[in-house]
Amino acid sequence: MYLGWSWLLMGGLIVFIVGPGSAQAHGPVTGYGIAVVYALALLLSVLAHEAAHAVTARAFGHTVHRVVADLWGGHTAFEAARSTPATAAAIAVVGPLTNAVIAIVCLVASAVLGSGIPGLVLGGIAFVNGALAVLNLLPGLPLDGGQIVEAGVWAVTRDQGRARVVAGVLGRGLVVVIVVAVIGVPLLAGRSPQLTTVLWTALVGSFLWTGATSAIAHGRALQQINRLDVRSLIEPAAPIHRDAPVGELTSLRALPVVVDEAGRPVGVIDHDALRGIAPDAVDRTPVSAVTVAAPEGWAVELVPGHEAVDLVTAFQESRGRVVAVTEGGSAAGHRAGRAGQRGLRTQLDSPTMTATGSAYRRGPFREGDRVQLTDPKGRLHTITLTPGKQFHTHRGHVKHDDLIGAPDGSTITNTAGTEYLALRPLLSDYVMSMPRGAAVVYPKDAGQIVQMADVFPGATVVEAGVGSGALSMSLLRAVGDEGRVLSFERRADFAEIARANAQAFFGEDHPAWSVTVGDLVESLPSAVEPGSVDRVVLDMLAPWECLEVVADALTPGGVLICYVATATQLSKVAEAMRDFGTFTEPEAWESLVRGWHLEGLAVRPQHRMHGHTGFLITTRRLAPGVTPPMRKRRPGKGYAAQEESGQPDVAPEPMPGADDAEWTSEALGERVASEKKMRKLARGVVPPTPR
């Protein structure tokens, strides 16, 4: 127990207030003696109140740090990380109940003793304890009544953070009610409250308001912490006994965590010391010789409902580089200090804690994950991990169970001794191997579209021509959960495959994505407000047909980027953009990607490359009423009007396929998937495993 120096100020204030009146009634010595007794009685009542909290908390298994009495009354500090609504309510209610019991006992004793000084003193103590009981039961934090409200809301909502915010808001409301009742009502009645009343109200009100505000902030932080995806921050650990030989470390497939006889983690491997072990001594040197002892509190026991708070607390309190995670007292996983803190900070700074699909992109391999296996010749095999299944080739097989739980970037050897590198497929890998009916936008072009169109987080993007969903996934990655991607696709079968591919990659339906089956020209005006779209991406045969609705939807300065396959399409859409009059001068390009062979000094271009896949052309929306500046360069043939060139008004020969009716995939030489193939592809998309 601690007595704060500020309590002496409170005790002196009580003597100063009570002493003069008591001295007039009973004489100076007796009167001020009664005042001192009242001050001491208040101190003992506060300590009894806080001691009741401490005893009850300890009875429920919490560690009590201190009991303090100060100017504001008192408080009890204890570790409440494992509390429940019931235990929290019990700990809160015993304080006021203790004061109520003291008040009743003193009141009965005062009645028995009569009207003498002892009875008067006991009556005063009864009044003080009764007032403490009533005051602390008011429903708002930081009072005990607020903690009872918090426990009740917590029990109903299962969200302690929300419950604390509610109780904190009630605490603020309580301050408003007190100020209005004590100061506002007398003023409205034409009476001026006494200065001491105003000062006491301001003092108590500031204390309650500060405590309530702190509770609200703490509750919101607790809400964020409880949304953490703790499992995504944990990587598997390989426990090894401290008496085991160092040579056994080579057989471990995860970070070694040194444990004692009971399986409790006690330290990690000192790699500098490990490198100093002679090769012929690894089998007789114990692991304890190369172990760095871990600091106190570095091991976190995973308890359902408390994982996030415990992990955050461990990172805050432990000064080690690694935090160990245990289940049932035994080592189960770890998290590197800097990486763990960075992961926590990333999730805490995000309003949604974890971006859609991020849980599927980190951590150890889990059931339902897609894994890309690379053999010694560089051949790629993508599998979906399923317990009990095997991946077979003509040279042995690999058990899926051997990969489940292994960290990303592991190696695994099949039954024939062939070693495979196991990695999660990147988005570019997934796009090139996923089921598709329509031709996909290649990763090299998708990257150009996202970058050159400046697709930013939170943007509203309209996409026409979903195909198999390859570009849609890149756009969703760029806008994030707070943005919007509105995709339009004429063919329902393409839209179905695109939805399934995106769901399989992200692990769930992306909250920023909507797919509309229909024509862009007909559907876009009713889907968005004029001038509300930041970016438009058109991957279609005749994008010039959509320029009017696109111009209406784009915000001034917004970007339109089109992906077309042929030079004929490129020319026509460029001239349409110029003629429309509300866009900047278009720019066009194509990207060619050539890999290089790297082996020692044999550095040369690879024989194969990603050549022409399509043209990209981009322009920006001008502000309403603004016309583009006149071009300073000389236009090419066919651009100027016939009357400006002075040539006879003779219609040029139409280019093959220039008729709008002939702008079809077949006319452009593209391969069109049959209905039979589309049905087969729709059945082949593997749904994600729920987590």
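This passage walks through the fold, an internal cavity, the aromatic contacts and three individual residues of a predicted model.

The protein chain is built from 21 helices and 25 strands. Of its 691 residues, 41% are buried. Contacts across the sequence are well represented: among the contacts in the chain with a separation of 6 or more, 64% join residues 24 or more positions apart.

Two cavities of 30 Å³ or more are found in the structure. The second largest cavity encloses about 50 Å³ of space. Its lining is made up of A439, V440 and V441, then E463, then the run G465, V466, G467, S468, G469, A470 and L471, and finally D539. By residue class, this lining of the second largest cavity divides into six nonpolar, four polar and two charged residues. One of the lining residues, A470, also falls within helix 15, which spans residues 470-479.

Helix 15 also holds S474. With a relative accessible area of 14%, S474 is buried, because the cut-off for that class is under 20%. Leaving aside residues up to four places away in sequence, S474 touches L427, A446 and V450.

Turning to the aromatic side chains, the structure contains four aromatic pairs. In one of them, F505 and F506 meet edge-to-face, with 5.3 Å from centre to centre and 80 degrees between the ring planes. Both partners are buried: F505 has a relative accessible area of 6%, and F506 has a relative accessibility of 3%. Another pair, F580 and F583, is tilted, with centres 5.9 Å apart and planes at 40 degrees. Here the two partners fall into separate classes, as F580 is partly exposed at 34% relative accessible area, whereas F583 is buried at 2%. The tilted label follows because 40 degrees is neither under 30 degrees, as stacking requires, nor over 60, as edge-to-face requires. Ring pairs also draw Y430 into a cluster with F505 and F506. A ring takes part in a contact with a charge as well: the charged end of R491 sits over the ring of F494, at 4.1 Å from the ring centre.

Two further residues show how parts of the chain that are apart in sequence come into contact. S45 belongs to helix 2, which covers residues 28-59. Its relative accessibility is 4%, so S45 counts as buried. Beyond residues up to four places away in sequence, S45 touches N99, N129 and L132.

V282, by comparison, is found in a loop, namely the one between helix 9 (271-275) and strand 7 (291-293). This residue is partly exposed, with a relative accessible area of 23%. Although V282 and V246 are 36 residues apart along the chain, their C-alpha atoms are separated by 5.1 Å. V246 is also among the contacts of V282, which touches P245, V246, G247 and I277 when residues up to four places away in sequence are not counted.

Technical notes: Residues numbered from 1 in each chain as written. Predicted model: local features only at pLDDT ≥ 70, side-chain atom pairs only at ≥ 80, totals over all residues. Heavy atoms only, no water. 1 Å grid on protein atoms, 1.4 Å probe; cavity = no way out; pocket = protein on both sides within 12 Å on 5 of 7 lines; lining within 4 Å. Points joined across faces, edges and corners; volume = space filled by probe spheres on them. Nonpolar A, V, L, I, M, F, W, Y, C, P; charged D, E, K, R; others polar. Phe/Tyr/Trp six-rings, centres within 6.5 Å; stacked < 30°, edge-to-face > 60°. Buried < 20%, exposed > 50% of the residue type's maximum accessible area, 1.4 Å probe, protein only. Lys NZ or Arg CZ within 6 Å of the ring centre and 35° of its normal. Helix = DSSP H or I, 4+ residues; strand = E, 2+ residues; numbered from the N terminus. Contact = heavy atoms within 4.5 Å.
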